[in-house]
Amino acid sequence: MTHTELPRTLAPTERTRLRRMKEKASFERSDLEAILDAGFVCHLGVIVDGDPMVVPTVYGRDERNLYVHGSVASRSLVNAEGDDVDATICVTVTHVDGLVLARSVFEHGVNYRCAMIYGTPRRLVDDAEKTEGLRILTEHATPGQWDYARRPTRKELAATTVFALSLEEASVKIRTGAPDDGDSPDAALGLWAGTLPLTSRWGAPTADPALPSGITAPAHIVARAGTRQG
Ligand SMILES: Cc1cc2nc3c(=O)[nH]c(=O)nc-3n(C[C@H](O)[C@H](O)[C@H](O)COP(=O)(O)OP(=O)(O)OC[C@H]3O[C@@H](n4cnc5c(N)ncnc54)[C@H](O)[C@@H]3O)c2cc1C
């Protein structure tokens, strides 16, 4: 496996070339990375026994790969007979930034940042590589937690499947701003139009009722309360 850096520009392939609303495409790898860093749940699309299956699952990333793990991912990714990765998968990560409320229903839309990644995932087999994949996943969702929580035992590691998907073939689509019908004949209708922004934030940590008294939430968890997610 080579460790050369991926290009900072996303080169469209036959699969990732936007056909509709091409002007919303971004070819900046930094935009892809920002979208991935703003979330931790992806939707993983795969063909299982001839049928499409789209599975929500958590992910992490480094400079080259997206990592997914667990039994859900493994059922959808692993060919039951050969224990091998089936074929190409498509992963999406979506952030909704608001509703776009136009004068006409036809022009209604959504402000969003969305990434789609295509590739053939690689199952990690080496213990060190698997552990690193799990560290990346854990730190992606909750920075600081890998050092705080108990790490996987060898037995737990053996029971966990981790896949790496290259971030090489990806597309990014972003919509921002006002409705598109402000300069159309519908502008004369006298209807309100605009955007209804949407943000999500982390709440205050809620202690497990099973916790003995005196154990307080660590700083890296407390610090997230009130911060934006997505
Ligand atoms: C939250 C949200 C809501 C949406 N709602 C609608 C809706 O109601 N109706 C509607 O028509 N469209 C909607 N879209 C846009 C939709 O995702 C597609 O981009 C659009 O429908 C074009 O689909 P297509 O199959 O013609 O894409 P094509 O342009 O043919 O797709 C070609 C390639 O472009 C890339 N691509 C396409 N869409 C995206 C994307 N969203 N993000 C990143 N890469 C992409 C992929 O690599 C894909 O393989 C929505 C998007 C988001 C994020």
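**Exercise 1. The largest nonpolar core**

Of the 30 residues in the largest nonpolar core, which touch the most other members?

*Solution.* Before we start, two notes on the model. Residues are numbered from 1 along each chain as its sequence is written. This is a predicted model, in which local features need pLDDT of at least 70 and side-chain atom pairs count only at pLDDT 80 or more, while totals for chains, interfaces and linings use all residues.

Step 1: fix the terms. A residue is buried if 20 or more other C-beta atoms lie within 10 Å of its own, exposed if 12 or fewer, and partly exposed in between, with C-beta atoms placed from the backbone. A nonpolar core is a set of buried Ala, Val, Leu, Ile, Met, Phe, Trp, Tyr and Cys residues joined through C-beta atoms within 7 Å.

Step 2: name the residues. Leu32, Leu66, Tyr67, Ala115, Ile117, Phe163 and Ala170 touch the most other members of the core. The element that gives the most to this core is β8, with four residues. Helices (H or I, at least four residues) and strands (E, at least two) are DSSP runs, numbered from the N terminus.

Step 3: look around one of them. Leaving out residues up to four places away in sequence, Phe163 touches Tyr67, Val68, Ala73, Leu77, Pro121, Arg122, Arg123 and Leu124. Such a contact requires C-beta atoms, placed from the backbone, within 7 Å.

**Exercise 2. The whole protein**

Find how many helices and strands the protein has, and describe its overall extent.

*Solution.* Start with the count: the protein has six helices and 12 strands. Next, its C-alpha atoms fill a box of roughly 70 × 50 × 35 Å along the principal axes. Then turn to burial, where 20% of the 230 residues count as buried. Finally, among contacts with a separation of 6 or more, 71% join residues 24 or more positions apart.

**Exercise 3. Two helices**

Work out which residues of α1 are buried, and why they lie on the same side.

*Solution.* Begin with helix α1, residues 29-37, where Leu32, Ile35 and Leu36 are buried. They share a side of α1 because they cover an arc of only 100° around the axis, an arc taken from the directions from the helix axis to the C-beta atoms. On the face turned away from them sit the exposed residues Ser30 and Asp37. The cover over the buried residues of α1 includes β3 (51-61), β5 (89-101), β6 (109-119) and β9 (169-175).

Now move to α3, residues 127-141. Its 15 residues reach 21 Å from first C-alpha to last, close to the 21 Å expected at 1.5 Å a residue; the expected span is 1.5 Å times one less than the number of residues. Buried in α3 are Lys130, Gly133, Leu134, Ile136, Leu137, Thr138 and His140. Their cover includes β3, β4 (65-69), α4 (145-148), α5 (154-158) and β8 (162-166).

**Exercise 4. Around the ligand**

Identify the residues that come nearest to the ligand, and sort the shell by character.

*Solution.* First, the shell: it has 16 residues, and Thr16, Arg19, Cys114, Ser171 and Lys173 come nearest. A residue is near the ligand if its C-beta atom, placed from the backbone, lies within 6 Å of it. Second, the elements: β5, β6 and β9 each give two or more residues, and the largest share, five residues, comes from β6. Third, the character: eight residues are nonpolar, three polar and five charged. Here Ala, Val, Leu, Ile, Met, Phe, Trp, Tyr, Cys and Pro count as nonpolar, Asp, Glu, Lys and Arg as charged, and the others, Gly among them, as polar.

**Exercise 5. Four single residues**

Decide whether Met21, Asp49, Leu101 and Gly45 are exposed or partly exposed.

*Solution.* Take Met21, in the segment before β1 (25-26). Met21 is exposed because 10 other C-beta atoms lie within 10 Å. Though not a glycine, Met21 has a positive phi of about 55°.

Asp49, in the loop between β2 (41-48) and β3, is exposed, with 8 C-beta neighbours inside 10 Å. Its phi is also positive, about 50°, although Asp49 is not a glycine.

Leu101 in β5 has 17 C-beta neighbours inside 10 Å, so it counts as partly exposed. Leu101 and Ala193 are 92 residues apart in sequence and 5.4 Å apart in space, C-alpha to C-alpha.

Gly45, in strand β2, is partly exposed, with 17 C-beta neighbours inside 10 Å. Beyond four places in sequence, Gly45 touches Pro52, Val54, Ile89 and Cys90.

Technical notes: Two residues are in contact if their C-beta atoms, placed from the backbone, lie within 7 Å.
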